[in-house]
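Subject: Structure handover

Hello,

Here is the structure I promised to pass on. Please have a look at it first; my notes follow below.

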Amino acid sequence: MADNNEATPFLNGRKKNFARSVSHAQDELQGFRSWLRWMCMDQSNLWTVWLSWLVFVLMVIVVPCFSHFVLSCADCDTKHTRPYDGVVQLSLSGIAALSFVCLSGLLRKFGLRRFLFFDKLCHESETVRKGYTQQLNSSRTILFIFVLPCFGVECAYKIWWYVTGASQIPVLGNAYVSDVVSCILELSSWLYRTVVFFLVCVLFRLFCQLQILRLQDFSLVFEDESAVESVLKEHLKIRRHLRIISHRYRTFILWALIFITANLFASLLMTTRSSADLNIYQATELVLASISLLAGIMILLRSATRITHKAQSITSLATKWHVCATIESLDMARDEAQMVPVMSTRVISVASDESSDADDVGDEEDELDNTRFVPSYALSTISFQKRQALVTYFENNKAGITVYGFMLDRVSLHIIFGIELSLVLWLLGKTIANL
């Protein structure tokens with residue numbers, strides 16, 4: 001009977017965790033799942049898979065080809081010709097195809113709940129679960145913040161283009177019906193391709209936010225009495241999740257960076273050549289496409305470098321924790337009569353310094369990367385050797401987002417920026433010199 005009573009709490013805990021991991025229609029993913037269904041990105045069954053691929057082919061291949069080869073309007077005046085339409089259509093369709101293939105493959109392989117790491121939340125704290133759910137709910141808002149401004153400009157441009165050039169644009173049947181249908185199809189295709197690309201970028205940002213929440217929760221162990229073994233196990237779990245994210249997104253990040261770089265250099269080459277006739281009417285769509293691609297790749301790189309910086313800040317926090325615990329251990333070896341006033345004076349001094357400098361630091365410090373004193377009153381029981389081994393482990397096992405072994409941190413951003421700047425200057429030297 002005693003064994004059964006002891007096993008009951010364990011079984012109940014397992015049942016609760018399993019119940020939270022199982023996906024059902026009324027769970028916290030209901031809104032996100034419905035939104036994917038409206039976007040025709042649902043991969044839950046064979047029917048929705050076929051529907052998503054049909055919409056993909058229509059919006060990413062058929063409509064752009066129709067727009068470029070039928071509505072190119074080569075005989076129109078200078079305001080209505082579209083000399084850069086080929087680059088625009090290839091850039092949006094190419095990045096949308098890459099995004100769709102990567103996202104649909106991940107959804108079919110893992111399912112929506114596993115893909116969004118909701119099956120792992122049952123082992124996390126309530127703070128992490130609530131924070132991640134809030135980030136998921138706000139991810140759609142972030143997506144539309146990036147998409148809607150450019151889409152508004154695209155709508156205004158397309159309406160102006162069809163209204164002012166109605167007599168020059170090729171029509172199929174009735175002129176008004178043809179223009180309205182063509183305008184709606186082009187705008188729908190532009191919106192679909194842009195949303196698919198930004199959806200993958202925003203989901204990557206969401207996964208990085210989850211790991212930031214876990215790191216912030218993990219940093220609290222250095223303020224409590226925690227065994228080195230438990231700290232190591234938790235950090236290994238975070239590293240494992242970062243490796244999973246890197247493995248899922250490394251192909252997309254690499255090819256997106258290569259494709260966007262090639263596309264932007266092609267756009268720069270076409271607009272800076274000596275025979276280019278550049279004006280705001282012809283280059284509007286090219287500018288909007290370039291802004292969308294740059295915004296998406298910046299979301300990817302900023303999220304990756306941010307989580308990498310946070311993960312590597314654990315080393316600084318652990319080192320500070322080790323130093324504070326070692327200092328307290330040495331102080332405790334002194335005379336008990338002299339320890340109390342010395343420690344109280346020191347803590348008060350540190351606290352006063354922190355409060356006086358808090359306003360000067362501003363937002364440069366956070367839970368992981370800060371200069372605050374770590375209270376080590378409960379950490380002196382851990383041996384010096386274990387703490388030193390843990391700090392050495394952190395120093396030699398850097399965590400973060402990697403792309404085929406290449407760590408995406410601030411140094412890598414400087415390298416990418418240097419390479420891009422060198423290519424831009426080389427290209428400008430070739431084109432401007434011929435003007």
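Which residues touch the most other members of the largest nonpolar core? They are Phe115, Leu116, Tyr192 and Leu203, in a core of 82 residues. Eight helices each supply at least two residues of this core: helix 2 (30-38), helix 3 (46-69), helix 4 (85-115), helix 5 (126-164), helix 6 (175-218), helix 7 (228-272), helix 8 (280-332) and helix 10 (384-396). Helix 6 gives the largest share, 19 residues.

Please keep in mind that this is a predicted model.

Tyr192 deserves a click. Setting aside neighbours within four places in sequence, Tyr192 is in contact with Met39, Met41, Ser52, Val55, Phe56, Met59, Val60 and Phe100. There is also a second, separate core. This one has 20 residues, including Cys76, Cys183, Leu187 and Ala289.

Now the overall layout. The protein has 11 helices and two strands. From the N terminus, the order is α-α-α-α-α-α-α-α-α-α-β-β-α. So where do the two strands sit in that order? They come after ten helices, and one last helix follows them.

Some totals for the protein:

- Of the 435 residues, 44% are buried.
- Among contacts with a separation of 6 or more, 84% join residues 24 or more positions apart.
- The exposed area is about 22700 Å², and carbon and sulfur atoms supply 64% of it.

On to the cysteines. How many disulfides does a search of the whole structure find? The count is zero. Two cysteines show contrasting surroundings. Cys65 counts as partly exposed because its relative accessibility is 36%, between the limits of 20% and 50%. Cys150 has 11% relative accessibility, so it counts as buried.

Next, charge pairs. Side chains of opposite charge can pair when their charged atoms come close. The count of salt bridges here is 10. Three of them are described below.

Arg37 and Asp42: the closest N and O atoms are 3.8 Å apart. Is each partner buried or partly exposed? Arg37 is partly exposed, at 44% relative accessible area. Asp42 is at 10%, so it counts as buried.

Arg129 and Glu126: here the closest N and O atoms are 2.4 Å apart. Both residues lie in helix 5, three residues apart, which is about one turn of the helix. Arg129 is buried, with a relative accessible area of 16%. Glu126 is partly exposed, with 40%.

Lys237 and Glu234: this salt bridge has an N to O distance of 3.8 Å. Both residues are in helix 7, again three residues apart and about one turn of the helix. Lys237 is partly exposed at 25% relative accessible area. Glu234 is partly exposed too, at 24%.

Which residues are joined into one network by salt bridges that share partners? They are Arg82, Asp85, Lys158, Glu186 and Glu285.

If you have time for one stop, begin at Tyr192 and its contacts, Phe56 and Phe100 among them. Then follow helix 6, which gives the core its largest share.

Best wishes

Conventions. Residues numbered from 1 in each chain as written. Predicted model: local features only at pLDDT ≥ 70, side-chain atom pairs only at ≥ 80, totals over all residues. Heavy atoms only, no water. Helix = DSSP H or I, 4+ residues; strand = E, 2+ residues; numbered from the N terminus. Buried < 20%, exposed > 50% of the residue type's maximum accessible area, 1.4 Å probe, protein only. Contact = heavy atoms within 4.5 Å. Areas by Shrake-Rupley, 256 points an atom, 1.4 Å probe, with all protein chains shown as cover. Core = buried A, V, L, I, M, F, W, Y, C linked by side-chain atoms within 4.5 Å. Disulfide = S-S within 2.5 Å. Salt bridge = Lys/Arg side-chain N within 4 Å of Asp/Glu carboxyl O.
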